[in-house]
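Please walk through this structure with the model open beside the text. Keep the sequence at hand as well.

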Amino acid sequence: MFSWLKNLFTLKPKLKGVDKVFSDWSIISYEDLLEHFEVKKTAIEGAKENSPATQAKTPDEFHNKLITRFKKIIIDRTGDITRHLDSLENNAERANEKLNFLDGIKSKFKNKLSEDFESYEPIITKANSIVRSRKDELNEFKSKNNLTRDADYPDSLWWYYFILILLVVIESLINAAFFARGSSAGLAGGASIAVIISGINVVIGYLVGKYWAKQSWSINQIAKTIGIIGFGIWGFVTACFNLTVGHVRTMFEEGDTDAMNTGFEAFLNSPFGLTDFSSWMLVLIGSLFALIALIDGLKSDDKYPGYGSEVRKLNNALDELYSEVDDLKANANDYYDEYLARGDNAIKDLGQDSMTLRATHDFVKERINNEYPKYCDYYQTVFADLIGSYRNINLENRETEAPSYFNEKPILEWDTDNRDEQLDSLNVKIYNISSGLKVKTEQWSRERQELESIKINFLNELRQYDSIS
């Protein structure tokens, strides 16, 4: 046991001269400290050299070491008390901040909503104005064109583009098969011709259906006539083109090196003079796919020309308006959740803070008024005894007389660390926090509902901006 205590309190080399024996409020016995400071060994070694000298007027190094160590432990314990009190002050201040936050939580929430509204209002007002203009333009368009129904158009054109691509691919494969027999490169050779033919059929059919022929549904007679003519021209051109392809295919299969020219001449001489079944199939398939592409173009937007475009302009403006308003609404909900959570946490934390502050205050008060004086008195006595033991051992083992100051009482003083005023002030703060918590708890239960009412009223005010009535 003695060996264990010796190892515990003996200064270790790795501490590099920093004595950590007195790092806390523990009470170390006189015997352990006598061993720790090596009082007997130091006194005997000094005595062999008759040190300190008989003529010395001031305490020697070892005296000063013990006196300095005593002062240091008193300063350390005073510092401990100061840190505890500072921590109490800081924690009390933070608790007061939470109380103050609860006092102004409604106004802060309102101010935050107002700040956001001020930054968004110009954007939303402009977007709302654009929506109303688009609405007026649409109503004017419907009135002018006798439209009472809703526009019928797809939300996305990807399906119609997919149909176009699919038509081109399928027709290209079919055409390539028909042209393969006349190509020295076989199917691959016919594919290049097939892609061009199918592309012309499908793309022109789609564009005519989407833009030109659609005019035939207009109430404007000129536009309606242009649309009907568009249907006729497209039908004629498509038939001529595919019949020409059929003739070219026939010449191509016969090995004619100038199949394009001779096929076109054959069409001019006898448009329906095809005798080969495969060529007729090529004509029918090309015409059919062109017709499907025409229908695809018609279906890709409302059949009344320009109607779908007008409605989309309105919807795009609405999307922009709703996006801004929804952002503002989302921010309001986020602020509401944030302040609600902060208020709930403040109440919860204040309850814990109040108990912790009171317990810490009482602990520090007990330490200052009772533990600190006992601690200082104890070590004042112990260090005086250590110095006395050092003097006696030194005196017993030296040949010369001891210096005169050996007969003087060592000066080991400490002041009562009176913190009554600070403790009283803290006590008042903690009491106010505890009292304020009761009031704020009741107040917060009401204000939680008021926060929700503020949010709802704010969202209701925004309805004037996301309406186009």
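What follows covers the cores, a pocket, the salt bridges and a few single residues. The model is predicted.

Start with the nonpolar packing. In soluble globular proteins, nonpolar side chains tend to be buried together. Here the largest nonpolar core holds 80 residues. Which of them touch the most other members? They are Phe22, Leu33, Phe37, Tyr379 and Phe383. Five elements give two or more residues to this core: helix 3 (39-48), helix 4 (61-103), helix 5 (105-144), helix 11 (307-397) and helix 12 (420-461). Helix 11 gives the most, with 29 residues.

Take Leu33 as a way in. Leaving aside residues up to four places away in sequence, Leu33 touches Val21, Phe22 and Ile28. Under the same exclusion, Leu33 also touches Tyr379, Val382 and Leu386. Two of the names in this contact list, Phe22 and Tyr379, are also among the core members that touch the most others. A second core is separate from the one just described. This second core has 8 residues, among them Leu164, Leu167, Tyr206 and Ala293.

Now turn from packed side chains to open space. Rolling a probe the size of a water molecule over the atoms shows where empty space is left. The second largest pocket encloses about 210 Å³ of space. What lines this pocket? Its lining includes Arg149, Asp152, Tyr153, Pro154, Tyr160 and Trp217. Ile295, Leu298, Lys299, Asp301, Asp302 and Lys303 belong to the lining too. By class, the lining has 6 nonpolar residues and 6 charged ones, with no polar residues. Helix 10 (residues 277-299) gives the most to this lining, with 3 residues.

Charged pairs come next. How many salt bridges does a search of the whole structure find? The search finds 16. Begin with Asp80 and Arg77, whose side chains meet in a salt bridge at 2.9 Å, N to O. Both residues lie in helix 4, 3 residues apart, about one turn of the helix. Are Asp80 and Arg77 buried or exposed? Both are buried.

A second pair reaches between helices. The side chains of Asp349 and Lys98 meet in a salt bridge at 3.8 Å, N to O. Asp349 lies in helix 11 and Lys98 in helix 4, so this pair ties together parts that are 251 residues apart in sequence. Asp349 is partly exposed, because its relative accessible area of 31% falls between the 20% and 50% cut-offs. Lys98, at 24% relative accessibility, also counts as partly exposed.

A third pair stays within one helix. Asp362 forms a salt bridge with Arg358, and the closest N and O atoms are 3.8 Å apart. Both lie in helix 11, 4 residues apart, about one turn of the helix. Asp362 is partly exposed, with a relative accessible area of 41%. Arg358 counts as partly exposed at 28% relative accessibility. Elsewhere, salt bridges that share partners join Arg134, Glu137, Glu310 and Lys313 into one network.

Finish with four single residues. Asn242 is in helix 8 (residues 221-253). Its relative accessible area is 1%, so Asn242 is buried. What does Asn242 touch, not counting residues up to four places away in sequence? Its contacts are Asn201, Leu282, Val283, Gly286 and Ser287.

The other three sit in helix 12. Gln443 has its place there. At 14% relative accessibility, Gln443 is under the 20% cut-off and therefore counts as buried. With residues up to four places away in sequence left out, Gln443 touches Leu102 and Asp103.

Ser445 is also in helix 12. Ser445 counts as partly exposed, at 41% relative accessibility. Ser445 and Asp344 are 101 residues apart in sequence, yet 9.4 Å apart in space, C-alpha to C-alpha. Asn460 is found in helix 12 too. Asn460 is partly exposed, with a relative accessible area of 37%. From Asn460 to Lys108 the separation is 352 residues in sequence and 20 Å in space, C-alpha to C-alpha.

Notes
Residues numbered from 1 in each chain as written. Predicted model: local features only at pLDDT ≥ 70, side-chain atom pairs only at ≥ 80, totals over all residues. Heavy atoms only, no water. Core = buried A, V, L, I, M, F, W, Y, C linked by side-chain atoms within 4.5 Å. Buried < 20%, exposed > 50% of the residue type's maximum accessible area, 1.4 Å probe, protein only. Contact = heavy atoms within 4.5 Å. 1 Å grid on protein atoms, 1.4 Å probe; cavity = no way out; pocket = protein on both sides within 12 Å on 5 of 7 lines; lining within 4 Å. Points joined across faces, edges and corners; volume = space filled by probe spheres on them. Nonpolar A, V, L, I, M, F, W, Y, C, P; charged D, E, K, R; others polar. Salt bridge = Lys/Arg side-chain N within 4 Å of Asp/Glu carboxyl O.
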